[in-house]
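Trainee: I'd like to learn how the terms for a structure are earned. Could we take them one by one and check each against its definition?

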Amino acid sequence: MTRSIFLDPLLPWPMIVGLFVIALISVILAGWKGLSGWGLRALTSLVILGSLMGPIYQEEIRTSLTDIVLLIEDASSSQSLSDRSEQMAVAIEDLSRAIASRDTIEIRRVRVADVDDDGGTQLMTALSEALAMESPSRIAGIIAVTDGRIHDIQQTPTLPAPMHVLLTGRQKDWDRRIIVKDAPSYAILGEPVTFTIRIESDGAVPVPDASVELHITVDRQETESRIIPVGEDIPLQFTLTHSGRNVIQFSIDDFFSELTNRNNSALVQVNGIRDRLRVLLVSGEPHQGGRAWRNLLKSDSLVDLVHFTILRPPEKQDGVLVNELSLIAFPTRELFLEKISDFDLIIFDRFKRRGILPAIYLENVAEYVRNGGAVLISAGPAFASADSIFRSPLSSILPAEPSARIIQQRFNPTITDIGERHPVTSNLPRRDSWGSWLRQVEVHHQTGNTLMTGVDQSPLLILDRVNDGRVALLTSDHAWLWSRGYEGGGPQLELLRRLAHWMMKEPELEEETLWAETSGQIMQIIRRTLKTDIGPVQIVSPSGETQTIELEAVEPGRFEATYEAPETGLYRLIEGDQRALIGLGPAAPREFEKTLSDGALLESIVSSVDGGLMRLEDGLPTVRFIREGRRAAGRGWIGLTPRDAYATDDVRQFPLLPAWLVLLVASSLIAIGWLREGRS
């Protein structure tokens with residue numbers, strides 16, 4: 001219990017002072033005039049002025065509170081290097097024992113772990129949250145056991161007590177790391193893309209090297225090695241070979257006694273995109289389907305379309321002189337001999353042999369396909385005639401042979417079992433309400449996969465691979481009926497778009513592929529195939545450990561499974577003849593950008609509150625208890641400031657001059673003074 005007296009004035013202090021001056025003058029005048037009651041007047045004034053000042057007697061019942069010491073434990077990834085975790089565990093245990101020996105102190109342990117989004121060590125954020133949970137008047141000190149590599153120094157809170165930093169790690173540590181600079185997130189196929197690589201050595205390097213061997217793996221290609229100097233920015237150029245995600249790994253060999261090899265490799269994932277998709281559309285004659293192809297390809301801003309329609313074939317004799325025609329001559333030699341490799345896709349729409357394209361040109365087209373090009377045949381009635389494009393060198397790459405029969409009959413396109421699993425035709429919208437087509441060329445299927453059928457299950461859409469290239473055959477020229485809404489229409493635009501993009505080898509439409517979608521350390525493994533069943537996927541981790549996982553069918557031709565990866569780095573997925581590379585984590589994890597322990601970032605913060613910054617390898621400092629305002633650290637010791645905090649349980653107050661007493665005393669003094677002066 002504590003007792004105290006304080007004033008609670010009933011009037012502002014200037015008024016009380018004014019009244020005191022008036023009373024003083026009145027008493028002086030009374031004494032100067034010789035009035036016998038001047039003393040009683042003075043006592044009356046003092047009683048009244050004293051009551052106006054409101055003196056109060058207070059009794060306060062308090063409960064003492066313990067002081068709090070925040071003990072921050074840095075459990076981030078960089079603390080797992082070398083023997084830092086053991087250093088920290090021993091220090092935490094000894095400090096806890098030393099502080100707990102004093103009954104008036106409580107320990108609040110704060111554990112700082114890695115942040116999921118590669119935010120690094122958020123020590124100051126954790127300290128701010130811990131301080132917000134406690135009263136500042138109870139904080140006796142803050143002790144952080146860390147390697148000093150924190151990444152939120154700008155979040156440093158106002159410290160109500162001394163802070164001490166005990167550094168793990170050793171001064172003899174050294175490390176070599178890869179730094180990837182200027183890594184683009186996407187690159188244009190066929191054009192060189194530049195990365196800037198730097199190799200740095202930090203700390204007490206035992207044998208400094210002027211150069212090291214850098215190993216480079218671009219996606220599934222063979223590993224390439226180069227000798228690059230240490231400590232210099234080196235530009236490296238690569239050319240991506242396929243669209244979609246390309247994984248590039250840079251690595252150097254592990255070095256003896258190096259602190260860690262986690263930063264000896266870096267992953268960069270670059271999205272390969274095409275600058276412009278170049279398409280050559282050759283229409284054998286004007287018709288409604290030609291407009292559908294043109295509208296589809298022109299609607300895509302990334303497609304450069306060259307469209308030729310044969311309006312005046314050689315056999316047409318109308319008597320008009322050539323120099324009076326405003327038609328453009330067909331540049332056959334330039335397109336089919338000199339620049340054919342510039343195109344990503346060639347479409348023959350209702351084309352037939354009329355002597356415009358000699359056999360050598362069509363043989364060049366067949367060779368273009370074998371070398372990785374793509375040809376799509378949209379067959380009209382001419383495909384079944386003697387002038388069919390099949391009766392040319394292109395027959396060696398076409399997946400079906402026409403039977404010379406043209407079926408003029410209403411039919412509804414039907415997706416086959418393989419078509420249900422193929423990304424070009426799977427999940428097409430409005431499948432129950434497709435409109436009819438009215439014509440189909442009968443063919444005999446030879447190679448490839450039939451995705452759609454027409455009359456009597458006759459092949460309608462066939463896709464095939466020829467060496468490195470692709471061929472598609474659509475045996476009807478009535479797909480345009482869907483775009484006109486005939487009998488309700490159908491997904492003509494979506495079907496032709498998928499077909500064209502499959503021909504141009506877009507990754508999302510590959511029928512045999514293995515890939516994974518990542519979110520943090522969670523990997524969604526996806527296998528697309530035309531098979532009805534697949535084997536387990538083999539997962540090879542960055543450390544070389546192997547495990548298998550079974551995938552479940554989620555829809556025809558698509559199998560999935562979820563895998564939680566135990567570490568960051570490059571993962572290899574294998575299923576049958578399918579391979580995939582998946583990079584988890586950033587190009588260079590923030591925790592391993594700089595791994596040597598260093599207290600430079602925390603030095604100014606610690607010194608501002610008279611704390612200490614020491615290395616644990618020099619020994620664990622002793623704990624002392626010091627008065628507030630004194631220096632809290634010295635050679636081999638750190639100090640905590642007892643705060644003597646308390647909680648008030650009850651407060652009782654009593655006025656020293658209650659109103660009734662003031663009234664009684666003042667009136668009595670006034671009456672006595674009046675009587676005495678009256679007798680005089």
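**Checking the terms**

Trainee: Why is Arg465 called partly exposed?

Mentor: Arg465 has 39% relative accessibility. Buried means under 20% relative accessible area, exposed means over 50%, and partly exposed is in between (1.4 Å probe, protein chains only). The value of 39% falls in between, so Arg465 counts as partly exposed. Before we go on: this is a predicted model, where local features need pLDDT of at least 70 and side-chain atom pairs count only at pLDDT 80 or more, while totals for chains, interfaces and linings use all residues. Residues are numbered from 1 along each chain as its sequence is written, and side-chain values use heavy atoms, with hydrogens and water left out.

Trainee: What makes Arg465 and Glu511 a salt bridge?

Mentor: Their side chains come to 3.0 Å, N to O. The rule asks for a side-chain nitrogen of Lys or Arg within 4 Å of a carboxyl oxygen of Asp or Glu, so this pair passes. As background, side chains of opposite charge can pair when their charged atoms come close.

Trainee: And how do you know that Glu511 is buried?

Mentor: Glu511 has a relative accessible area of 5%. That is under 20%, so the word buried applies.

Trainee: How many salt bridges does the rule give?

Mentor: The count comes to 32 salt bridges. One of them joins Glu73 and Arg109, whose closest N and O atoms are 3.4 Å apart. Glu73 lies in strand 3 (residues 67-74) and Arg109 in strand 4 (residues 105-112), so the pair ties together parts that are 36 residues apart in sequence. Helices (H or I, at least four residues) and strands (E, at least two) are DSSP runs, numbered from the N terminus. Glu73 has 15% relative accessibility and counts as buried.

Trainee: What about Arg497 and Glu494: what separates them in helix 10?

Mentor: They are three residues apart in that helix, which means about one helical turn. Their side chains meet in a salt bridge at 3.0 Å, N to O. Arg497, at 31%, and Glu494, at 26%, each count as partly exposed. Salt bridges can also share partners: Arg177, Lys181, Arg198, Glu200, Asp202 and Asp233 are joined that way into one network.

Trainee: Why is Asn467 called exposed?

Mentor: Its relative accessible area is 61%, which is over 50%, so exposed is the right word. Asn467 sits in the loop between strand 23 and strand 24 (469-474). Its phi is near 50°, a positive value in a residue other than glycine. Asp610 has a positive phi too, near 60°, and belongs to the loop between helix 11 (600-608) and strand 33 (613-615). With a relative accessible area of 32%, Asp610 is partly exposed.

Trainee: Which residues form the nonpolar patch on the surface?

Mentor: Among them are Val17, Phe20, Leu24 and Trp32, and the patch has about 1000 Å² of accessible area together. Helix 1 (13-32) and helix 2 (38-53) are the elements that give two or more residues, and helix 1 brings the largest share, eight residues. Patch residues have over 30% relative accessible area and no salt bridge; nonpolar side chains (Val, Leu, Ile, Met, Phe, Trp, Tyr) are joined within 5 Å, like charges within 9 Å. Leu24, in helix 1, has 44%, so it clears the 30% mark.

Trainee: What makes a patch of Arg291, Arg294, Lys298 and Arg484 positive?

Mentor: Lys and Arg count as positive, so these four residues form a positive surface patch. Arg484, in the loop between helix 9 (480-483) and helix 10, is exposed at 52%.

Trainee: Why is strand 31 described as largely enclosed?

Mentor: Five of the seven residues of strand 31 (residues 569-575) are buried, so the rest of the structure largely encloses it.

Trainee: How do you know that strand 31 and strand 32 pair?

Mentor: Pairing needs at least two bridges found by DSSP. Strand 31 and strand 32 (residues 578-584) have seven, in the antiparallel sense, so they qualify. Gly569 has Leu584 of strand 32 as its bridge partner. Strand 27 (residues 537-540) also runs antiparallel to strand 31, with three bridges.

How values were computed:
Areas by Shrake-Rupley, 256 points an atom, 1.4 Å probe, with all protein chains shown as cover. Charge placed at Lys NZ, Arg CZ, Asp CG, Glu CD.
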